[in-house]
Amino acid sequence: MNEEEIKKEKNDTTLTEGTTNETVSEEIVPVSQKEKEKKDIKYYLKEYIFPIGIQCLIIYLFLQCVAFLTVVPTGSMIPTVEPHSIIVATRMYSPEKTVKRGDIVLFKSEEMGNILFKRCIGLPGERVDITKSGQIFINDAPLNEYYVKNTQAQEPQSFEIPEDCYFFLGDNRSGSFDARNWQQPYISKDKLVGEARFTLWPIKNFGVLK
């Protein structure tokens with residue numbers, strides 16, 4: 001092999017190596033991009049998807065087991081709660097332990113075929129008397145109702161509340177269809193579903209219910 005042939009072979013070898021290196025270099029780029037894409041996906045899953053999913057699950061469980069939102073359809077609880085107010089209520093599991101006189105309670109009414117929103121006035125075993133002027137007595141003791149603004153004259157009424165039952169009236173006495181008017185004035189404890197706690201809307205009434 002003469003000197004010119006040797007130089008030509010060296011040149012061919014150099015060209016082949018350069019081509020090979022260039023090819024290898026081109027093949028590394030997409031591999032690096034895939035790894036970056038995988039890291040980006042893991043980052044978004046860790047920083048956004050998983051936290052949002054966990055928060056949604058917590059909110060769902062909270063609304064299913066602890067509390068719920070409800071809209072008050074009528075003005076029977078004026079001035080405490082206005083019509084179409086959005087209320088947060090806690091779910092009720094042991095009414096005999098939690099319900100107190102004056103609590104605002106949501107309960108299922110078979111007579112009305114709906115969930116109603118009223119204030120607890122009488123507890124199991126009590127006697128409730130309503131005078132002609134609208135004054136209420138519990139076992140002969142007058143009841144102070146600071147939340148009632150609209151009273152009305154009526155025929156005197158007396159109610160003997162059975163055990164495991166409750167007696168409910170609306171705060172808007174002149175505009176509430178409640179235990180005074182129902183054919184079945186007593187609500188069994190197993191019909192109680194929640195206690196109203198908080199007004200979300202309207203904003204002007206935002207706050208804890210009393």
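**Buried residues, aromatic pairs and enclosed spaces in a predicted model**

The side chains of Asp 129 and Arg 127 are joined by a polar contact of 3.0 Å. The model in which this contact was computed is a predicted one, and the description below starts from Asp 129 before turning to other parts of the chain. Asp 129 belongs to strand β5 and has a relative accessible area of 19%, so it is classed as buried, the limit being under 20%. When neighbours within four places in sequence are left aside, the residues in contact with Asp 129 are Gln 135, Ile 136, Phe 137, Asp 140, Gln 157 and Ser 158.

A second acidic residue, Glu 126, is placed in the loop between β4 (114–122) and β5 (127–130). Although Glu 126 lies in a loop, its relative accessibility is 11%, and Glu 126 therefore counts as buried. Its side chain makes a polar contact of 2.7 Å with the side chain of Arg 101. Arg 101 also appears among the residues in contact with Glu 126 once neighbours within four places in sequence are set aside, and the others in that list are Ile 121, Ile 138, Asn 139, Phe 159, Glu 160 and Ile 161.

The protein as a whole comprises two helices and 12 strands, and from the N terminus on its elements follow the order α-β-β-α-β-β-β-β-β-β-β-β-β-β. Of its 210 residues, 33% count as buried. Among the contacts with a separation of 6 or more, 58% are accounted for by residues 24 or more positions apart.

The aromatic residues supply an example of such a link between parts of the chain. Seven aromatic pairs were counted in the protein, and one of them, formed by Phe 107 and Phe 168, is stacked, with a distance of 4.5 Å centre to centre and an angle of 20° between the planes. Phe 107 is part of strand β3 (residues 104–109) and Phe 168 part of strand β9 (residues 165–169), so the pair ties together parts that are 61 residues apart in sequence. With a relative accessibility of 0%, Phe 107 counts as buried, and Phe 168, at 0% relative accessibility, counts as buried as well. In Phe 159 and Phe 167, the ring centres are 4.7 Å apart and the planes stand at 45°, so this pair is tilted. Phe 159, one of the residues in contact with Glu 126, is buried with a relative accessible area of 7%, while Phe 167 counts as buried at 0% relative accessibility. Phe 107 and Phe 168 are also found, together with Tyr 166 and Trp 182, in one aromatic cluster.

Towards the N-terminal side of these residues, strand β2 (residues 86–91) contains Val 88, which counts as buried at 19% relative accessibility. The C-alpha atom of Val 88 is separated by 9.0 Å from that of Val 71, a residue 17 residues apart from Val 88 along the chain. Not counting residues up to four places away in sequence, Val 88 touches Ala 67, Phe 68 and Leu 69, and also Glu 195, Ala 196, Arg 197, Phe 198 and Leu 200.

Both open and enclosed spaces were identified in the model. The largest pocket has a volume of about 210 Å³, and of the 14 residues that line this pocket, Pro 73, Thr 74, Ser 76, Leu 116 and Lys 118 are the closest to its centre. The lining of the largest pocket is made up of eight nonpolar, five polar and one charged residue. For enclosed spaces, the count comes to one cavity of 30 Å³ or more, and the volume of the largest cavity is about 50 Å³. The largest cavity is lined by Ile 130, Gly 134, Ile 136, Thr 151, Gln 152, Gln 154, Leu 169, Arg 173 and Arg 180, a lining that divides into three nonpolar, four polar and two charged residues. Ile 136, one of the residues of this lining, is also among the residues in contact with Asp 129.

How values were computed
Residues numbered from 1 in each chain as written. Predicted model: local features only at pLDDT ≥ 70, side-chain atom pairs only at ≥ 80, totals over all residues. Heavy atoms only, no water. Helix = DSSP H or I, 4+ residues; strand = E, 2+ residues; numbered from the N terminus. Buried < 20%, exposed > 50% of the residue type's maximum accessible area, 1.4 Å probe, protein only. Polar contact = N/O pair within 3.5 Å; in protein donor to acceptor, adjacent residues only side chain to side chain. Contact = heavy atoms within 4.5 Å. 1 Å grid on protein atoms, 1.4 Å probe; cavity = no way out; pocket = protein on both sides within 12 Å on 5 of 7 lines; lining within 4 Å. Points joined across faces, edges and corners; volume = space filled by probe spheres on them. Nonpolar A, V, L, I, M, F, W, Y, C, P; charged D, E, K, R; others polar. Phe/Tyr/Trp six-rings, centres within 6.5 Å; stacked < 30°, edge-to-face > 60°.
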